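Here's a quick briefing to read with the model open beside you. It goes through a sheet, some helix packing and two pockets.

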Amino acid sequence: MTHAETDTAIADDIRAGRTALGIELGSTRIKACLIALDDTTVAAGSHAWENELVDGLWTYSLDAVHDGLRSAFAELVSDAEERHGVRPATVGSIGVSAMMHGYLAFDDAGELLVPFRTWRNVNTARAAGELSEALGVNIPLRWSVAHLHQAVLDREAHVARIAHVTTLAGYVHEQLTGRRVLGVGDASGMFPIDPATGGYDEALLRIADERIAAAGAERIRLSDVLPAVLPAGADAGRLTAAGAALLDPTGTLQPGAEFCPPEGDAGTGMVATNAVTPRTGNVSAGTSIFAMVVLEKALSRAHADIDIVTTPAGDPVAMVHCNNGASELGSWADLFGEFAAAIGSSASSDDVFAALLAGALEEGVDDGLLAYNHLSGEPIAELPEGRPLFVRTPGSRLTLGGFMRAQLRAVFATLALGMRTLAEEDVAIDAMFAHGGLFRTAGVAQRLLAAALGAPVVVGDTAGEGGAWGMAVLAAYRRAVAEGDERDLAAWLDAEVFAGAETTTAEPTPAEIADHARYLERWSAGLAAERAAIDAVR
């Protein structure tokens with residue numbers, strides 16, 4: 001095909017709805033991604049937003065959710081029109097993803113009872129501890145059931161009116177389709193999943209119900225208030241007229257598109273990196289950073305720093321989740337970008353970032369330099385709050401390369417602490433796939449992550465696509481299943497999405513692994529300064 005013929009074919013596909021739309025509500029951006037039948041992105045849009053600290057809890061308003069959805073979709077429509085001369089009036093399939101966990105509680109009339117409590121809140125220590133002990137599995141602070149149980153323990157008035165609880169992805173999906181469902185991956189961050197049934201673990205539900213009743217909420221039954229669970233490829237409803245109007249108030253977008261189950265950002269990360277089979281894993285670096293490893297067998301026991309969740313197909317996954325990822329690094333990059341602009345440079349943000357990272361691979365340049373990226377509390381590091389810090393010894397040498405190496409290593413340090421637990425469990429990892437904007441600059445973050453994990457790190461040509469693209473791929477898989485494709489998710493991804501994907505692999509050397517181990521010892525000891533800052537800096 002000529003370039004003109006290709007453009008015409010893409011426009012025809014958009015016009016005919018031979019596309020899949022993925023929407024992901026991340027911590028700092030809401031993104032929309034429209035892909036063609038070959039899974040390439042043909043239009044995209046985004047909307048920046050920020051969480052708010054209200055009455056001591058991190059939240060986003062539902063008005064901000066609705067406004068952000070409309071804004072991101074409107075930008076996607078404008079992008080499609082500018083690039084291909086057509087405004088999408090329909091799409092073949094749609095999927096919604098969002099940051100996992102958290103707490104959205106509604107009454108019988110569908111009214112939100114308390115402001116959305118995000119994954120970032122760490123006020124649920126008592127509830128998470130009680131449930132972990134009672135259930136015999138790790139229930140992290142950010143899980144939805146921990147938020148619910150904490151509200152019961154705190155005797156919050158709204159508990160008496162709870163009709164259902166969901167995640168952000170589940171809420172948006174219901175607004176667009178009228179269906180109250182969740183993909184199994186997102187549901188596994190609400191309550192433990194039974195791998196044998198693909199639904200919530202019935203035995204654990206009974207135990208949790210007993211604990212919640214004993215705490216004073218006898219009327220609540222988790223099986224009644226939690227969303228129904230669906231695997232990847234299942235029918236999760238269709239876009240309603242009200243849903244189409246929510247996304248596109250202009251009335252151009254028509255109802256009827258079919259939906260795949262809504263998923264969490266962990267699930268879209270696995271799909272975007274094709275890490276959905278045993279012995280594969282991925283690292284997703286954004287506002288938070290987490291590693292997912294698909295398990296061959298169950299762990300020997302519960303671990304406080306390991307969540308057991310699932311792939312979008314329902315296979316068990318060990319998750320190491322850190323509340324703090326690349327946000328602090330991004331703030332420093334913004335500061336240097338501001339300086340560049342102040343002296344008359346027209347460098348793009350990618351140019352600035354590439355220049356900052358240029359010397360970050362040189363071993364030893366960060367000797368005596370320590371950075372801590374904790375903007376919020378961090379359970380794995382046992383930090384109840386965050387205080388970003390950069391400290392150095394008086395005799396250390398402060399260079400740009402050393403400073404940025406310290407900042408990059410800070411992004412991966414807490415993750416490395418949690419990954420040691422999986423190493424002690426002899427969890428086999430053939431390769432870790434990395435994705436997120438951090439890995440757009442070739443080689444640097446990838447190489448330091450490989451040293452931190454002590455395992456090969458693979459970055460593909462979709463590394464910068466992100467979760468919205470992964471969600472669009474899940475939507476495309478739903479369309480394939482609806483048309484009679486009987487392959488499971490892993491086989492379909494291998495054949496239809498990643499067969500020709502280009503990847504680069506960073507294999508850490510023994511020297512790099514040893515250097516990181518020494519650094520991690522220094523960094524861990526320096527956490528005492530972080531804890532002191534929490535007490536002293538208000």
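Start with helix H13 (residues 400-424), which lies across four strands: E13, E14 (289-294), E16 and E19. H13 runs at about 25° to E14. Keep in mind that this is a predicted model. The strands under H13 come back in the sheet section, and H13 itself turns up again with a helix partner.

**The sheet**

- The strands form an open sheet of seven, in the order E15-E16-E14-E13-E19-E20-E21, and the pairing is mixed.
- E15 and strand E21 (503-506) sit at the edges with a single partner strand each, so one side of each has no neighbour in the sheet.
- On average, neighbouring strands here are turned by 30° against each other, ignoring direction.
- Looking inside the sheet, strand E19 (residues 431-435) pairs with strand E20 (residues 457-460) in the parallel sense, over two bridges.
- If you want a spot to click on, Phe433 stands opposite Val458 in E20.

**Helix against helix**

- Two packed helices are described by the angle between their axes and the distance between the axes.
- H11 and H13 pack at about 150°, with 9 Å between their axes.
- An angle over 145 degrees counts as roughly antiparallel, so that is the label for H11 and H13.
- On the H11 side you'll find Glu328, Leu329, Trp332 and Phe336, which meet Leu400, Phe403, Met404, Gln407, Leu408 and Val411 in H13.
- Sorted by class, the H11 and H13 contact has eight nonpolar residues, one polar and one charged.
- H10 and H15 have axes that come within 8 Å and cross at roughly 80°, which makes H10 roughly perpendicular to H15.
- Here Thr268, Val271 and Ala272 of H10 touch Gly467, Trp469, Gly470, Met471, Val473 and Leu474 of H15.
- There are no charged residues in the contact of H10 with H15, just six nonpolar and three polar ones.
- Helix H14 (residues 444-453) packs on helix H17 (residues 510-536) at an angle of about 75°, with the axes 8 Å apart, so H14 and H17 are roughly perpendicular too.
- Arg447, Ala451 and Ala452 of H14 make that contact with Glu512, Ile513 and His516 of H17.
- By class, the H14 and H17 contact comes to three nonpolar, one polar and two charged residues.

**The largest pocket**

- The largest pocket has a volume of about 1,400 Å³.
- It is lined by 49 residues, and those closest to its centre are Thr28, Ala285, Gly286, Thr287 and Gly437.
- Elements that give two or more residues to this lining include strand E2 (29-35), helix H10 (265-272), strand E13 (280-285), helix H12 (349-357) and helix H15 (467-482).
- Which helix gives the most to the lining of the largest pocket? That's H11, with eight residues.
- The lining of the largest pocket splits into 15 nonpolar, 23 polar and eleven charged residues.

**The second largest pocket**

- The second largest pocket holds about 450 Å³ of space.
- Its lining has 24 residues, with Val137, Ile193, Ala298, Ile308 and Pro316 nearest the centre.
- Edge strand E15 (residues 307-310) supplies the largest share of this lining, three residues.
- By class, the lining of the second largest pocket has 14 nonpolar, five polar and five charged residues.

Conventions:
Residues are numbered from 1 along each chain as its sequence is written. This is a predicted model: local features need pLDDT of at least 70, side-chain atom pairs count only at pLDDT 80 or more; totals for chains, interfaces and linings use all residues. Side-chain values use heavy atoms; hydrogens and water are left out. On a 1 Å grid over the protein atoms alone, a cavity is a set of points where a 1.4 Å probe fits but cannot get out, and a pocket is an open set with protein on both sides within 12 Å along at least five of seven lines; lining residues have an atom within 4 Å of a point. Grid points are joined across faces, edges and corners, and a volume is the space filled by probe spheres set on the points. Ala, Val, Leu, Ile, Met, Phe, Trp, Tyr, Cys and Pro count as nonpolar, Asp, Glu, Lys and Arg as charged, and the others, Gly among them, as polar. Two strands pair if DSSP finds at least two bridges between them. Axes are lines fitted to C-alpha atoms, for helices over the stretch in contact, and angles run from 0 to 180 degrees between N-to-C directions. Contact means heavy atoms within 4.5 Å. Angles under 35 degrees count as roughly parallel, over 145 as roughly antiparallel, 65 to 115 as roughly perpendicular and the rest as oblique.
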